[in-house]
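This briefing gathers what can be read from the coordinates about pairing, packing and backbone geometry. Please keep the structure open alongside the text while reading the points below.

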Amino acid sequence: MTDKPTVLFICKHNAGRSQLGAALLELAADDRYTATSAGIAPANEVNPSIATTVAELGLDISDRTPRKVTPELLDQADVVVLMKPGLNLPATPRGKVLQWSF
């Protein structure tokens with residue numbers, strides 16, 4: 001059991017924005033948060049440009065697999081960050097919801 005808050009980043013494909021958000025939190029949080037990500041309609045792989053950019057910061061995410069957001073993931077998250085406003089989620093998040101727009 002952990003007392004670290006879980007932050008779930010969500011975008012459409014879980015290949016770019018949400019992967020980037022989770023990776024940046026991992027790098028900046030100094031192990032104070034659990035960062036995770038998911039998508040509404042997951043792609044087959046993480047966007048190579050995002051993986052390259054994050055690798056330049058010292059974190060390899062090239063082996064991560066995009067995944068679909070589920071009611072269970074939404075229930076586990078203390079904070080849900082929608083990387084695009086208006087995403088249609090499969091359930092109501094339990095935690096606080098933030099909507100960011102790029």
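In this predicted model, Glu 26 and Arg 64 form a salt bridge in which the closest N and O atoms are 2.8 Å apart. The pair links distant parts of the chain, since Glu 26 sits in helix α1 whereas Arg 64 belongs to the loop between α2 and α3 (71-76), 38 residues apart. Both partners are partly exposed, Glu 26 having a relative accessible area of 32% and Arg 64 having a relative accessibility of 26%.

**Salt bridges**

- The count of salt bridges comes to three, and the general background is that side chains of opposite charge can pair when their charged atoms come close.
- Another of these pairs joins the side chains of Asp 31 and Lys 4, with an N to O distance of 2.9 Å. This bridge also connects distant parts of the chain, with Asp 31 in the loop between α1 and β2 and Lys 4 in the segment before β1, 27 residues apart.
- Within that pair, Asp 31 counts as exposed because its relative accessibility of 58% is over the 50% cut-off, whereas Lys 4, at 24%, counts as partly exposed.
- The side chains of Asp 78 and Arg 94 meet in a salt bridge as well, at 3.1 Å from N to O. Asp 78 lies in the loop between α3 and β3 (79-82) and Arg 94 in the loop between β3 and β4 (96-99), so this bridge ties together parts that are 16 residues apart in sequence.
- Asp 78 is partly exposed at 28% relative accessibility, and Arg 94 is likewise partly exposed, with a relative accessible area of 46%.

**Helix α1 and its packing**

- Helix α1 covers residues 17-28, with Leu 27 among them. At 1.5 Å a residue, its 12 residues should span 16 Å, and the end C-alpha atoms of α1 are 16 Å apart, which agrees with that expectation.
- The buried residues of α1 are Ser 18, Gln 19, Gly 21, Ala 22, Ala 23 and Leu 25, and these residues pack against the strands β1 (6-11) and β2 (34-39) and against helix α2 (48-56).
- Where does α1 offer nonpolar surface? Leu 24, Leu 27 and Leu 57 make a nonpolar surface patch of about 250 Å², and Leu 27, which lies in α1, is partly exposed with a relative accessible area of 37%.

**Strand β1 around Val 7**

- Val 7 lies in strand β1 and is buried, because its relative accessible area of 7% is under the 20% cut-off.
- Leaving aside neighbours within four places in sequence, Val 7 is in contact with Leu 25, Tyr 33, Thr 34, Ala 35, Thr 36, Val 79 and Val 81. One of these contacts, Leu 25, is also one of the buried residues of α1.
- Val 7 and Thr 36 are 29 residues apart in sequence, yet their C-alpha atoms are 6.2 Å apart in space.

**Positive phi angles**

- Asn 14 has a phi near 55°, a positive value in a residue other than glycine. Asn 14 is placed in the loop between β1 and α1 and is buried, with a relative accessible area of 0%.
- Asp 30, which follows α1, also has a positive phi, near 55°.
- Asp 31 has a positive phi of about 65° although it is not a glycine, and its place is in the loop between α1 and β2. Asp 31 counts as exposed at 58% relative accessibility, and its side chain is the one that meets Lys 4 in a salt bridge.

**Annotated region**

- An unreviewed UniProt entry carries the annotation "domain: Phosphotyrosine protein phosphatase I" for residues 5-101; such an annotation may be inferred rather than shown by experiment.
- Over residues 5-101 the chain is 28% helix and 21% strand, and the end C-alpha atoms are 23 Å apart.

Technical notes
Residues numbered from 1 in each chain as written. Predicted model: local features only at pLDDT ≥ 70, side-chain atom pairs only at ≥ 80, totals over all residues. Heavy atoms only, no water. Helix = DSSP H or I, 4+ residues; strand = E, 2+ residues; numbered from the N terminus. Patch = residues over 30% accessible without salt bridge, like charges linked within 9 Å, V, L, I, M, F, W, Y side chains within 5 Å. Areas by Shrake-Rupley, 256 points an atom, 1.4 Å probe, with all protein chains shown as cover. Salt bridge = Lys/Arg side-chain N within 4 Å of Asp/Glu carboxyl O. Buried < 20%, exposed > 50% of the residue type's maximum accessible area, 1.4 Å probe, protein only. Expected span 1.5 Å × (residues − 1). Contact = heavy atoms within 4.5 Å.
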